Amino acid sequence: MKQGHIKVMMGNEACAEAALLAGCRFFAGYPITPATEILEVMSRRLPLVDGLCLQMEDEIAAVVAIVGASWGGTKSMTATSGPGFCLMQEGIGLAVAVEAPCVIVNVQRGGPASGQSTSTAQGDFYQARYGSNGDYSLIVLCPSTAQEMFDQTIKAFNLAERFRTPVIILSDEVVGHIREKVTIPDADDLTFVQRKRPKVPMGEFIPFQADADGVPPMPDFNTGYKIPVISQAKSLNGNRGNAKEADENIRRIVSKIEDHMDEFAEVLTYGDEEAETAFVTFGSVCRAARSAVDMGREKGLALRSVEVKTVWPFPDALVRRALDGVKRIVVAEMNLGMIQREIERVVRDPEIKIELFSKIAGIYPQPQEFLRFLEVKR
Amino acid sequence: MNPLGEKYLRKPFLPFLFCPGCGDGMIVQSFLQAVDELGIIDDLAMTAGIGCSAWIPVYMHADVLKVLHGRAIPAAIGLKASRPSRKVVVFTGDGDGLAIGGLHLLHAARRNIDMTVVIVNNQIYAMTGGQVAPSTGVGSKTQTTPYGNLEKPLDGCKIAVAAGATMVSRWSTIHTKQLTRTFKKALNHKGFSFIEIISQCPVQTGRYILGSGSPQFNLQWIRDNCVPVKGPTRWTEIESEGKIPVGDILQIEKPEFMEEVLRMNRKVKDEAKGAGGDR
């Protein structure tokens, strides 16, 4: 039994709670269903810990404001849903380019455009990874319970600080609005990562020269370093880079994350790890798949459920290992087939059948439907 | 090198990317003069967006965050929120600040958040090669209004006043002394200050709209068209003559946003303590 205290709370509240515990002291947001509770909780709580919560004029302003606050030296977060996430894409690219640690929560709802504002969906799977322009990488975490909303928010802040990158929590309406038991550990039992600050004096400091881990130390503004931070592909001293410098800059901001995936990539397996039939899920759908595995077991069916918790960069090796020995894969997701493409890319065995169990329009898949799917399609 | 340049320019970044005859260098000098007289270079946190004017702060040896097109103000708000003691200055242009970033201007002014927004108005999108801007005059031929501009220009100063800015001035690149004085006043002003600078772009505005790419011609155009005035009556009169009134438009005192925030934080914390809990 973990220490700490137990509370019944909404996934969105758990996210806000974790952000406060992780040291988030600036939040900028814009109301949008089904993410608004995060903004509401932060607006109530941040003033009590000398923080600031601002409701901005739009989501573009929100995401750019957290990039500014991040360079100011403050751990920062924003939260939104589909249409707001669209507006944030330029700012996410900005956070990548200026290597500003920050956390962006997307509580997914139906799309495209205004879609279905109060219904769940997982259609932003690729947008979370590829929504901004150019070559880049970032980290995307997918919670499936209120507890994971809490745990992954702590993890998101730590990874953002560790890698100087935006980290996206790709939640969905079910996880955001579910009310369930959350264990909140004592702060002493948690690890909080702080960004590396420069150890050399200003005269010797080269703004974008990375250490061996690919991450350059980051001074806060107004601490004497007088750093030029531009949104262009840059040279080590921060100026516009020539072709060679831009090449190195872009490759580094990708590899600093992708070469260190083993530090954070997470794929869980639930059920019979030897089962020949596997469900692959992420986000809230993991919950129904687990129930389906349990129901199958009662009927004598051997099933495993592979849950992808860190969806970007896609954890190829971990997924391959989790699917070792399967003959049939059912990818279940609330879109028309997105993570399915990644599974097809990773599992290149023509002997293995990969089928899509897809639900859209806000209809959450029921556990018994998983079992019926297995029967019908056999 | 000019002693101000010697002291404050980020030398490895030189030469400037500004074209010969550009007004941006004059603005760098007027601004650094103000910064030097106030001795505040260490407290500056400057942001900018995209466009020629967005490069102005990058050449100054200070903390600078140059972000996306139109987004300098939200970035500045984040920096200010993170540490209210910073002197936050935004450099923007007429396209960056009035078109793509126009909404951010309205809301920052409305909050009366303590920052200085410097908007360099060259009446065109210069960096992209001379397209119509929200500040371009009616009838002007640009690369995207080849038959003449039908749209009325937007007056940034009037917008700033209407939105709630507590200090508003307009000068031009020929008014360097007034600019330095205005920068100093703005940097000491507790609240949202807005300074519009009518500037020359010989390469785009000059060639395509005014009819000459000569810097002298373009500066003369500013001298002939920017008329220093005092008081609102004269202001309207100059405008009705088709000229551009310049001068100090407004300076008033109103509660500043970050101070109000800190005051409220103290109050709610005290109340929470009084209620016997920290939540």
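Okay, so strand 11 of chain A pairs with strand 14, residues 328-333 of that chain, through 4 bridges, and the two run parallel. Keep in mind that this is a predicted model. If you want a spot to look at in that pairing, A:Phe279 stands opposite A:Val330 in strand 14 of chain A.

Strand 11 of chain A has another partner too: 5 bridges join it to strand 12 of chain A, residues 303-308, and again the pair runs parallel. There, A:Val280 has A:Val306 as its bridge partner. To get from strand 11 to strand 12, chain A goes through helix 9, residues 285-298, and that β-α-β crossover is right-handed.

So how many residues of strand 11 of chain A are buried? It's 5 of 5, across residues 277-281. In a regular strand, side chains alternate between the two faces of the sheet. Here, A:Thr277, A:Phe279 and A:Thr281 point one way, A:Ala278 and A:Val280 point the other way, and all are buried.

Right, on to the other chain. We've got 33 residues of chain A in contact with 38 residues of chain B. On chain A's side, the elements giving two or more residues are strand 3 (52-55), helix 3 (59-72), helix 4 (82-97) and strand 9 (228-230). Which one gives the most? That's helix 3 of chain A, with 10 residues. By class, chain A's side has 20 nonpolar, 8 polar and 5 charged residues.

And there's strand pairing between the chains: strand 9 of chain A is joined to strand 2 of chain B, residues 63-66, by 3 bridges, running parallel. Within that, A:Pro228 has B:Val64 as its bridge partner.

Terms used
Residues are numbered from 1 along each chain as its sequence is written. Chains are lettered from A and ligands numbered from 1 in the order in which they are written. This is a predicted model: local features need pLDDT of at least 70, side-chain atom pairs count only at pLDDT 80 or more; totals for chains, interfaces and linings use all residues. A residue is buried if 20 or more other C-beta atoms lie within 10 Å of its own, exposed if 12 or fewer, and partly exposed in between; C-beta atoms are placed from the backbone. Two strands pair if DSSP finds at least two bridges between them. A crossover is right-handed if, with the strands pointing away from the viewer, the path from the first strand over the helix to the second runs clockwise. Two residues are in contact if their C-beta atoms, placed from the backbone, lie within 7 Å. Ala, Val, Leu, Ile, Met, Phe, Trp, Tyr, Cys and Pro count as nonpolar, Asp, Glu, Lys and Arg as charged, and the others, Gly among them, as polar.
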